[in-house]
Amino acid sequence: MYEIGLRMLFGERAKYAMLVSGVCFATILMTQGLALFFGILGFSYATATNIRAPIWVVDPMVQQVGDNQPLRDTDVDRVRSVPGVAWAAPLFVGGAQAKLLGGGATQPVTLIGLDTSTLAGAPTRIIKGDILDLRTGQGVIVDARFIEMMQQTRGERLAVGDVFEMNDRRAQIVGIASVAQGMGGATYVFTTFDRAKDYVPSQRKMMTHVLVAASEGVAVPPVLAAIKAQTGLQALTEAQFKRMSANWMLRNSPIPYVVGLIVGIGFVIGLGVSGQTFYTFVLENSRHLGALKAMGASDLKITLMIVTQAAIVGFVGFGIGVGVMSLFFSILPEGRAPLILLWQIPLIVFAAITLICMAAAVVSVWRVSKIEPAIVFRG
Amino acid sequence: MTFDVINEETAIDVRGVGKSFSNGDQSTLVLRGVDFSVRRGEVMFIVGPSGCGKTTLLSILCGTLRADHGEVHALGMPLHAIPQPEVTQFRSKNVGFIFQQFNLLPTLTAAENVAVPLLIQGVPLAEAVKRASRMLASVGISEKSGERPNRLSGGQQQRVAIARALVHEPPIVVCDEPTSALDSASGHQIMKLLSEVARDASRSVIVVSHDPRIYGYADRIAEMEDGRILRVGESRHHVLN
Ligand SMILES: Nc1ncnc2c1ncn2[C@@H]1O[C@H](COP(=O)(O)OP(=O)(O)O)[C@@H](O)[C@H]1O
Ligand SMILES: [Mg+2]
């Protein structure tokens, strides 16, 4: 019996293409909306991605990765003395202004001061140069975006060895790192904790974070609790820090609305256009379905036929949509657009498409169940 | 009360059947107590003016429509009393349909269309199409078996429909105005074909028509008027009248 359903579906090419493209379009919209959602969240906690540390210790008032509240210099020693802590290193994160020697516009950067002796938390993907050169003279490591941004100010393309200024102090590029891009377009400049002081207007307290690792074989949660109890500071794993930050964004930024709108439109288009087209397709076939009923096709068989048709339309449309999106993501320059195609996204979209197709099938089946087999005798 | 015995000879027996349709708050009485029976092996015509209830009666006696009251026994099954799914199953096994508008599925080939009753019964596609092709040969258009209906003439489409009605060898074949969408010559060819291939000692063929030119193909004719059977007679009487 289902063969008849397949012939009905594939037999009318134009209608079949319409059905599939509706689902495909909905898939694309929802996938891109969700990728944007996770992409923006990823941008919002990029600093916690770019600096590698198992445990982050911050001021108790901090609610998100971008909030760099100063700590006291003594806090790093207090953290170090907590049982179960293997090492603890100071970190500075703050805004600075970069400009080319001899004037020109300034560009905002996120300045990272890594612990001078250990370079704890240093970026792991160095495209050019050597991270250890950070310790030499005026050495800084910049990210690839920084080169582009500075080129926009005066048309010169900086390279390793070139010099620029922050806070009227010279900084020499000793390497280029590949890092995740942050919110607001600011790029990353890495230096040592000691020299970071030079690159920002003077401030009393420099340390914003303490990066920590628990000793090997020690469970992390008790260490977090111990740090909190002994220092009164907030101690979070990298994942907790990011999640806290993401939650803050969800509560306080317009992202959920923007993305909700895109995903919602995708769903509504899917339901409205594909669902409606499918329902119309079934309605247009109601005479034939009536004939099948008259000839003795049971309601169950007709239902299976319609569900099969809806499932095929859903699978094919979803498949093409996801294919198109993967292709699109593969040609996007890495890290530039706030789009992350997590593996969970296709699953979520698949669930939504399934919902749409089943809704269309259920309404259609209900409508077809109202068809009297006797209508086939009517002209 | 009539005392017609439902015997081996009777395929369908309709007793006191009434049916009305309601359109909003208006209700039309379409069948007003019909008593009627069809024997095995005969070609029975139901004739009468348009709107007198022929199609409604045909629908009820083959089980696509339920009567409001009265009894319908077909092949010993009380169609008026058994649940709908059983009636549906009864139709799939026992009834072949020929419709006025052919009602072939436009996206299926002729052979696949003929195979539909077998597919409904769960016969695998390959075997169903094989049997369908044999059936198409016996209605004389085996060369069209791979064509879609829109590539066939009206007469050819109705041949496909006849093949479809017979492919599962049903004991009952119902035809509603089988020639009214055809010109007179094709109409005669179709009726000739139908009486040749459908006629069988154990099969009842019921034809609804208001086209007097084909009444000659009937064994018996039931005349209807205004929701009632006026009389049932041998076809010869009609042809003579
Ligand atoms: N489903 C229906 N709803 C309302 N009225 C109907 C329906 N089917 C048939 N009728 C009415 O019943 C009467 C008999 O119809 P029908 O059995 O088709 O007559 P015939 O086949 O003899 O022309 C007509 O007046 C027709 O309008
Ligand atoms: Mg009629």
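The paragraphs below lead through a predicted model, beginning at its ligand and moving on to a sheet, the cavities and a pocket.

Ligand 1 is placed between chains A and B, and the residues that surround it are A:Arg378 together with B:Phe21, B:Asn23, B:Val30, B:Pro49, B:Ser50, B:Gly51, B:Cys52, B:Gly53, B:Lys54, B:Thr55 and B:Thr56. Sorted by class, this shell holds four nonpolar, six polar and two charged residues. Several backbone atoms of chain B take part in the contacts: an oxygen atom of ligand 1 lies 2.7 Å from a polar backbone atom of B:Gly51, an oxygen atom of the ligand is 3.2 Å from a polar backbone atom of B:Cys52, and a backbone N or O atom of B:Gly53 is found 3.1 Å from an oxygen atom of ligand 1. Taken alone, ligand 1 would expose 560 Å², and the protein buries 68% of that area. The elements that contribute two or more residues to the shell are strand E1 (10-23) and helix H1 (54-62) of chain B, and H1(B) provides the largest share, with three residues.

Strand E1 of chain B also leads into the sheet, in which four strands of chain B are arranged in the order E2-E1-E4-E5, as an open sheet with antiparallel pairing. Strand E2 (26-39) and strand E5 (77-78) stand at the edges of this sheet and have a single partner strand each, so one side of each is left without a neighbour in the sheet. Between E1(B) and E2(B), which run antiparallel, there are eleven bridges; as one example of the register, B:Val14 has B:Phe36 in E2(B) as its bridge partner.

Turning to the enclosed spaces, one finds five cavities of 30 Å³ or more, and the largest cavity has a volume of about 70 Å³. What lines the largest cavity? Its lining consists of B:Ile60, B:Gly63, B:Leu65, B:Arg66, B:Ala67, B:Val72, B:Leu79, B:His80, B:Gln84 and B:Val87, a set that divides by class into six nonpolar, three polar and one charged residues.

B:Gln84, which belongs to the lining of the largest cavity, appears again at the second largest pocket, where B:Gln84, A:Asp299, A:Pro373, B:Thr88 and B:Arg91 are the closest to the centre among the 29 residues of the lining. This pocket has a volume of about 590 Å³. Helix H11 (299-331) of chain A, as well as E1 and helix H2 (84-94) of chain B, each supply at least two residues of the pocket lining, and H2(B) gives the most, with seven residues. The lining of the second largest pocket is made up of nine nonpolar, ten polar and ten charged residues.

Strand E1 of chain B thus links several parts of this account: E1(B) gives residues to the shell around ligand 1, has a place in the open sheet, and supplies residues to the lining of the second largest pocket.

Terms used
Residues numbered from 1 in each chain as written. Chains lettered and ligands numbered in written order. Predicted model: local features only at pLDDT ≥ 70, side-chain atom pairs only at ≥ 80, totals over all residues. Heavy atoms only, no water. Near = heavy atom within 4 Å. Polar contact = N/O pair within 3.5 Å; in protein donor to acceptor, adjacent residues only side chain to side chain. Areas by Shrake-Rupley, 256 points an atom, 1.4 Å probe, with all protein chains shown as cover. Nonpolar A, V, L, I, M, F, W, Y, C, P; charged D, E, K, R; others polar. Pairing = 2+ DSSP bridges. 1 Å grid on protein atoms, 1.4 Å probe; cavity = no way out; pocket = protein on both sides within 12 Å on 5 of 7 lines; lining within 4 Å. Points joined across faces, edges and corners; volume = space filled by probe spheres on them.
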